[in-house]
Structure formats: structure tokens, C-alpha cells
Amino acid sequence: MRRELTVDVLVIGLGPAGACAAAAAARAGLHVLAIDRKAEAGVPVQCAEFVPAMIGQEIGALGAARRQSIRSMVTYVESAGPHIKEQFPGHMIDRAAFDAALVAEAIAAGADCRFGTVLRKLDGNGTAQLSSRRPFSPPLDGEGGAAEPCGWGGATNETSEPGHPHPQPLPARGRGDGALSASAGPFSPPLDGEGGAAEPCGWGGAADETPEPGHLHPQPLPARGRGDRGYSAASAALPWPERSEVYWTVRARVIIGADGPRSAVGQAIGQVNRELAETRQITVPLLQPFEATDIFLSAGIRGGYAWLFPKGDVANLGLGVDPAARDRLKPLLESLHQHLVSEGRVGTEVFGHTGGAIPVGGILEPAGQCGEAAILLAGDAAGLTNPVTGAGINAAVISGTLAGEAAVRVCESVADAATDYAEELADLFGSSLARALARRRELMQSYATGAPSPADLERSWIAFPAYWAA
């Protein structure tokens, strides 16, 4: 069946950018619907889980998501010894807990957050076509009528089904932390083949998977904003109901695309991340605790770098490469893992795998129009990931908050609200992203004449003075 809904703001994606956008718009009293195709916030984790220390000034959700402190960066270039950059403060976080805390804040602000819900199409007139089998109870639009039985499923005239437990609230916060060392021994031989440099602070990828059946069975909060709308309030793990999928036609004054590097919202306004890097990461036992982000640069890691990030008694070990070297991801990572095992730094066991695509082509035009809907892009969807490091969480939090605030101004009919948003992002991120993009392209050009030298690799990485030179 198909139902129709009108909201002020529709947010696509509930990662850090989307959750922050939803919270900012809802705090102003707007009717906000935010959706994510995943079954629950932050799962599966597709992130190296490092964030800079400054993010604590931007978002309170860092608190319980912190796992370990980071104090420095140690970089290995080919077989050379470690280059130690002190004063590189940050945190290793539990990304799933971090995302869940941000979603909890959005819900507390009055946003209606729905997981297991997919944007099927964004029409040329700005109308969004959604589908879901996710349970929910209240009507979304305040137009009266019976509450939806237990989901975005079932016919309009169905009666409520008995026996569903009341949902439990999300934790108020997430969790997380970070740590340092002048670790023993450089990463000597090139990892294994066709080369490049690699990324620390964020090459964790973005979700493209179809969500697994999961959670978030919302119930209404007290009405707020405009009219008696049913805002969802929390989550509990419930199986998907055995019923057909429900389709929704949603009209919004503003649509915020926070749907990752392959953004469907961005595509609707012709803004596409055309340059991507591919990543792969494993979680392994950490045998020698340290408080640094370890970076491995080698011509054998084409267009990327490898990393070892400590997280308490485990570590995230991964690498990112240019898509042309995607078939090298697994053997390169296995080679590095074996090397670190031989040094006694990590164990042989692999607790989990993750990976995905990261935009590395620089900032896109983050504001546009699709029919009657104003479009704002945030986070990876806006190309705000650093093309060299892959870092993107801090930019996602900031841009998401700004997008939510811009959506409020659009709904208040403030002239140039969307243009002002685009200009603010350019002011905040344009310079650093332009430098990173230039360094990345210089590095990739060096492969055209053979392979990058150690000096080329140093110029491509933020820890070295050559990166910052004119």
C-alpha cells in the first residue's frame, strides 16, 4: 500500500551528519522526518573510529563513546624509521555508540527517526518515495485517524495488533577513547605491490548494504512543533513484522541529503562524488598498547595509506587504495597484518571486517533545488571527506548542524538561506580540502611515470612539512 505525508524537513541518512541536521531542525520546532536504510544507528561500523580532539567542543555525544585517547601520530614511509608528530590529540571512539547517541539527541529534540527505511526515488518535483517494513505506532502527520498498527506496514484500516512490548529508550549517550607509542620497528618492505599512500583518521567507508532486519520501534512523544504530530521516541529490538512492504510519498520543504558518498539526494541535483577510494579494515587483538595513530605510507598502497589505530585491548587495522587497486586490498591488508603479528604488536585473530567507499574528489555544491524542495547536502554526500586522510566525522557533525539550521531559515522564507549555507561550508572547509585534493592528485600523477618516491609520499601526508609547503 502507499500513504502520503507532508513534513517540513526530510533527512536522508542518520549518520553523524543526518542526526545532527535532524536535531538542529527539530529544536527549532520543525516537523522533521529522518530515515536510514540501516536497521540501527551506526551498525555495521564502517569507520576507522578516530576523531580529532576538537570534536568534543562541537558535540556532547562524544562522552560515553570515547574508548581511548590519542596523543601523537607515528608515520612509517617505506622502510624508514618512525616519524613522530607529537601534539596530535584525538580520541578513538565506539562509532556505533556515537551514532546512537546522536540519534537519541535528535529524537529528544523532537525528530521522527526511522531505521530500515529506504529512499526509493526522488522525483523531479521534489517528492520522495520511501519504503519500509519498520514497525511504528503513531500517525506521522497529525491528521487524526487510528495509529498505524506496528509499522510502516499493513493497510490503513488495520487495527492495532496486541502484544507488542513498549519500546525502551536509547542510551542517552554513546561511548569511546584513544592512545600513544613510539612503536617498535618500521613497516619495512612495501606492503606487496602496486602502490600509493594511505589514510588514518577516517578511511572507514560508507554503508551501501541493504539493512538487516532490526530495531527501533518508536512510540509517540508529546506533541511539539506544528500540530499534533507523532514524533518517535526510542528503540527496542523487535523482529520485522510478517507483512508486505509499505510505500510512502513524502513532500518536504527541505530535503537534507546525508546519505553518504553515493548520495541519491545529491544525484537528484547533479552533485555526484566521482572520485572515490576503496577501503578494507579488520579489528585485531592489540598486544602492545600505545597512544598514537600509526600510519604506513608505501608506493605499494596505490593512492592511499594503511593504519593501525589502538582502541583499548583491540585495534583497527586497515588501508585505503585507489579503485584501480581494489583487488589488492585483501592481500595488502593480510601482508601488513602478518608483519605486525611478527613484531608482536597484534594478535592473529580477526574479530571483524568492514570497508567501503570514501569520497576523495573534494567539496561539491551543497545546495540546490529539486522541484518545490530545497536540497542541502551534508557530510560525505557533500564531498567533505578529506581527500588525503579520509577524515570526515568532524566535518559531518559541523555540516549536519549547519544544514539543519539552514533548513530552519529556508522554512522561514529567509532569502538566500541555502546559498549562505553553501558559502559557510566553503569558508570552513574549502581551503583545507583544496590543499588535500591537490596533494592527492600530485601523488596519483607520480604513478604515471613509475611510482612515487619516499619524498613524494611525504609530500602527500599531513605529518610532514612538505605537505604544508606552497
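Here are some worked exercises on a predicted model of a single chain.

**Exercise 1. Get your bearings**

Work out how many helices and strands the chain has, and what share of its residues is buried.

*Solution.* Start with the secondary structure: the chain holds nine helices and 19 strands. Next comes burial, where 60% of the 470 residues count as buried. Then look at the contacts between residues at least 6 apart in sequence: 77% of these join residues at least 24 apart.

**Exercise 2. H1 against H3**

Find the angle at which the axes of H1 and H3 cross, and say whether the two helices are roughly parallel or roughly antiparallel.

*Solution.* Step one is to locate the helices: H1 covers residues 16-27 and H3 covers residues 95-109. Step two is the geometry, with axes that come within 8 Å and cross at roughly 15°. Angles under 35 degrees count as roughly parallel, so H1 and H3 are roughly parallel to each other. Step three is the hand, and the crossing of H1 and H3 is left-handed. Last, check who touches whom. On the H1 side you'll find Pro16, Ala19, Cys20, Ala22, Ala23, Ala26 and Arg27; they meet Arg95, Phe98, Asp99, Leu102, Val103, Glu105, Ala106 and Ala109 of H3. Sorted by class, that contact has eleven nonpolar residues, four charged ones and no polar ones.

**Exercise 3. H1 against H6**

Now turn to the other partner of H1 in this set: which residues of H1 meet H6, and is the crossing left-handed or right-handed?

*Solution.* H6 spans residues 393-411, and H1 packs on H6 at an angle of about 35° with the axes 7 Å apart. The crossing is right-handed. From H1, the residues involved are Pro16, Ala17, Cys20, Ala21, Ala24 and Ala25. Facing them in H6 are Ala396, Val397, Gly400, Thr401, Gly404, Glu405 and Val408. The class count for this contact comes to nine nonpolar, three polar and one charged. Compare the residue lists and you'll see that Pro16 and Cys20 appear in the contact with H3 and also in the contact with H6.

**Exercise 4. H6, H7 and the loop between them**

Find how H6 and H7 are oriented, then ask what is unusual about phi of Asp416.

*Solution.* H7 runs over residues 417-446, and H6 packs on H7 at about 160° with axes 9 Å apart. Anything over 145 degrees counts as roughly antiparallel, and H6 and H7 are therefore roughly antiparallel to each other. H6 passes H7 in a right-handed crossing. H6 brings Ala395, Ile398, Ser399, Leu402, Ala403, Ala406, Arg409 and Val410 to the contact, while H7 brings Ala417, Ala418, Tyr421, Glu424, Leu425, Leu428 and Phe429. By class, these residues divide into twelve nonpolar, one polar and two charged.

Now for the loop between H6 and H7, which is where Asp416 is found. Asp416 has a positive phi of about 65° although it isn't a glycine. Its relative accessibility is 52%, so Asp416 counts as exposed.

**Exercise 5. Two asparagines**

Say whether Asn316 is buried or exposed, and which backbone oxygens lie 3.0 Å from a polar atom of the Asn273 side chain.

*Solution.* Take Asn316 to begin with. Asn316 sits in strand S16 (residues 314-321) and is buried, because its relative accessible area is 2%. Thr283 is 33 residues away in sequence, yet the C-alpha atoms of Asn316 and Thr283 are 4.7 Å apart. The side chains of this pair share a polar contact of 3.3 Å. Other residues that Asn316 touches include Cys47, Met92, Trp307 and Phe309.

Asn273 lies in a loop, between H4 (264-268) and S13 (276-285). With a relative accessible area of 10%, Asn273 is buried too. A polar atom of the Asn273 side chain lies 3.0 Å from the backbone oxygen of Pro261, and the backbone oxygen of Asp380 is likewise 3.0 Å from a polar atom of that side chain. Among the residues Asn273 touches are Pro359, Leu364 and Gly383.

**Exercise 6. Backbone oddities**

Which residues does a cis peptide bond join, and where does Glu78 lie?

*Solution.* As background, most residues other than glycine have a negative phi, and most peptide bonds are trans. The cis bond joins Val43 and Pro44, with omega about 0°. Pro44 is placed in the loop between S2 (32-36) and S3 (50-52). Glu78 lies in the loop between S5 (72-77) and S6 (83-85), and its phi is positive, near 50°. At 14% relative accessibility, Glu78 counts as buried, whereas Asp416 counts as exposed.

Definitions and conventions:
Residues are numbered from 1 along each chain as its sequence is written. This is a predicted model: local features need pLDDT of at least 70, side-chain atom pairs count only at pLDDT 80 or more; totals for chains, interfaces and linings use all residues. Side-chain values use heavy atoms; hydrogens and water are left out. Axes are lines fitted to C-alpha atoms, for helices over the stretch in contact, and angles run from 0 to 180 degrees between N-to-C directions. Helices (H or I, at least four residues) and strands (E, at least two) are DSSP runs, numbered from the N terminus. Angles under 35 degrees count as roughly parallel, over 145 as roughly antiparallel, 65 to 115 as roughly perpendicular and the rest as oblique. A crossing is left-handed if the near helix is turned anticlockwise from the far one by less than a right angle, and right-handed if clockwise. Contact means heavy atoms within 4.5 Å. Ala, Val, Leu, Ile, Met, Phe, Trp, Tyr, Cys and Pro count as nonpolar, Asp, Glu, Lys and Arg as charged, and the others, Gly among them, as polar. Buried means under 20% relative accessible area, exposed over 50%, partly exposed in between (1.4 Å probe, protein chains only). A polar contact is a pair of N or O atoms within 3.5 Å; within protein, one must be able to donate a hydrogen and the other to accept it, and residues adjacent in sequence count only if both atoms are side-chain atoms. Lists of a residue's contacts leave out its neighbours within four places in sequence.
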